[in-house]
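Q: Please pick one part of this structure and look at it closely. I am new to it, so follow the part outward to whatever it connects with.

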Amino acid sequence: MKDLFEKTKIKNLEVKNRFIRAATWDEMAEDNGHINEGVMERYENIAKGGVGLILTGYAFISKGEQPNPRMFGIYDDSFIEEYKILVDKVHKHESKIAMQIVYGGSQSDHPGASGMNIYGPSAVKNIVTGITPKEATKEDIKAIVKKFGDAALRVKKAGFDAVEIHAAHGYLLSQFLTPYYNTRRDEYGGDIHNRARIIYEVIKEIRKRVGDNYPIMIKINFDDLMEKNPGLTKEESIEVFKEMDKLGIDMIEPSAANLSSGEGQTASIKGVNTIEKQSYFRASAMNIARQVKAKVILVGGNKNINLMDEILNTTDIEYFSLSRTILCEADLINKWVDNKDYKPKCISCNKCWDVVPNSCIFNR
């Protein structure tokens, strides 16, 4: 019988339990992406709180564009030394830490977006932001793939225990998967494997740069949840998961919703206040986990130990990531160690992002 609190290993990464702090935009970094004492304190508190693996808020890989203000940066080597300090603070409390890296594209809420060099799979106006990106040429795509590789190598040099590619929720890699935003007629458009080609190339480039024993993770949609316009579907995405598995991806965090759909869908579902509403992506994650060798992480509304324990022991899902609940209570995992019946305070209201820096309404 598997245990939520047991040690597990992914390649040379050993984690003390199966709980992951999901990547969460903190809105705490400096404008240029460099981190500060506030960031250090927040992440050390999360580590003290008992989580096995921390995923950072997403970090932008190109100095010329970023999808949100006050994100972490990883676009040049000047970040390496300060991240070494952050990693050491987390390791001191026996937690591990990975960095999530992203290229934003036209899904940008940055106030300076109009002055940025923003690429997309096609020059299709973003329904939500109103930004029309430049259609990326094949040379542009090669440059973006290389930027992911460069960033991943910096992540490794800074001492992070793994790297996660952000290919979900409507950011650039996600947009390549979405037919509405990808109308290309070359090898990067059309059928699902063509639309996923840039993601496969990013995985291969990162593996080449970080080596065989360094864990590579990916957060990626299993469904865009789009009804008005053509989006990525479950039937298509399973083919992507299988191909990424062949390429040797180590961990997959399947998510859903395209924030650029204009349909108001989000992966952070509100009102997760009963056990029936919790762990809401489990059916799709279970199906994916049955068909890949990579470790599958269940994200979305994980609030009940007994439910997660049941999922762990009746499916092929191996890990559970939590965002809003950890933002609310950094020490939630320790509370569950002491009392498995403890009910988290988080009410899934999504007011976390109403203030700067992002924080829970119960902690203001």
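A: Two strands count as paired if DSSP finds at least two bridges between them. The model is a predicted one, and the part chosen here is strand β12, residues 251-256.

On one side, β12 is joined to strand β11 (residues 216-223) by six bridges, and the two run parallel. Within this pairing, Ile220 stands opposite Pro254 of β12. To get from β11 to β12 the chain passes through helix α7 (residues 234-246), and this β-α-β crossover is right-handed.

Strand β13 (residues 295-299) also runs parallel to β12, with two bridges joining them. The bridge partner of Met251 in β13 is Lys295. Helix α8 (residues 282-291) belongs to this connection: β12, α8 and β13 make a right-handed β-α-β unit.

Next come the side chains. In a regular strand they alternate between the two faces of the sheet. In β12, Met251, Glu253 and Ser255 point one way, while Ile252, Pro254 and Ala256 point the other. How many of the six residues of β12 are buried? Six of the six are, so the strand is mostly covered, a residue being buried when its relative accessible area is under 20%.

Both directions can be followed further. Ile252 is among the contacts of Met244, which also touches Ile199, Tyr200, Ile203, Ile218, Ile220 and Ile249, leaving aside neighbours within four places in sequence. Met244 and Ile101 touch the most other members of the largest nonpolar core, which has 96 residues. Apart from that core lies another, of 13 residues, and Met251 is one of its members, along with Ile20, Leu53 and Tyr319, among others. Nonpolar side chains in soluble globular proteins tend to be buried together.

Another place to look is helix α1 (37-48), which is separated from β3 (19-21) by a loop that holds Asn32. The 12 residues of α1 reach 16 Å from the first C-alpha to the last, close to the 16 Å expected at 1.5 Å a residue. Val39, Met40, Arg42, Tyr43, Glu44, Ile46 and Ala47 are its buried residues. These pack against several elements, including β3, β4 (53-55), β7 (96-102) and α10. At the N-terminal end, Asn36 caps α1, with a side-chain oxygen 3.2 Å from the backbone nitrogen of Gly38. Just past α1, Gly50 has a positive phi of about 105°.

In the loop before α1, Asn32 is partly exposed because its relative accessible area is 39%, which falls between the limits of 20% and 50%. Its side chain reaches the backbone nitrogen of His34 at 3.1 Å. Farther along the sequence, Asn32 touches Phe60, Tyr75 and Phe79.

The last stop follows α10 (324-328), where Glu329 is found in the loop leading to α11 (332-338). Is Glu329 buried or exposed? Glu329 is buried, because its relative accessible area is 3%, under the 20% limit. A polar atom of the Glu329 side chain lies 2.8 Å from the backbone nitrogen of Lys345. Besides Lys345, Glu329 touches Lys335, Tyr342, Pro344 and Cys346, not counting residues up to four places away in sequence.

Key
Residues numbered from 1 in each chain as written. Predicted model: local features only at pLDDT ≥ 70, side-chain atom pairs only at ≥ 80, totals over all residues. Heavy atoms only, no water. Core = buried A, V, L, I, M, F, W, Y, C linked by side-chain atoms within 4.5 Å. Buried < 20%, exposed > 50% of the residue type's maximum accessible area, 1.4 Å probe, protein only. Contact = heavy atoms within 4.5 Å. Helix = DSSP H or I, 4+ residues; strand = E, 2+ residues; numbered from the N terminus. Polar contact = N/O pair within 3.5 Å; in protein donor to acceptor, adjacent residues only side chain to side chain. Right-handed = clockwise from strand over helix to strand, strands pointing away. Expected span 1.5 Å × (residues − 1).
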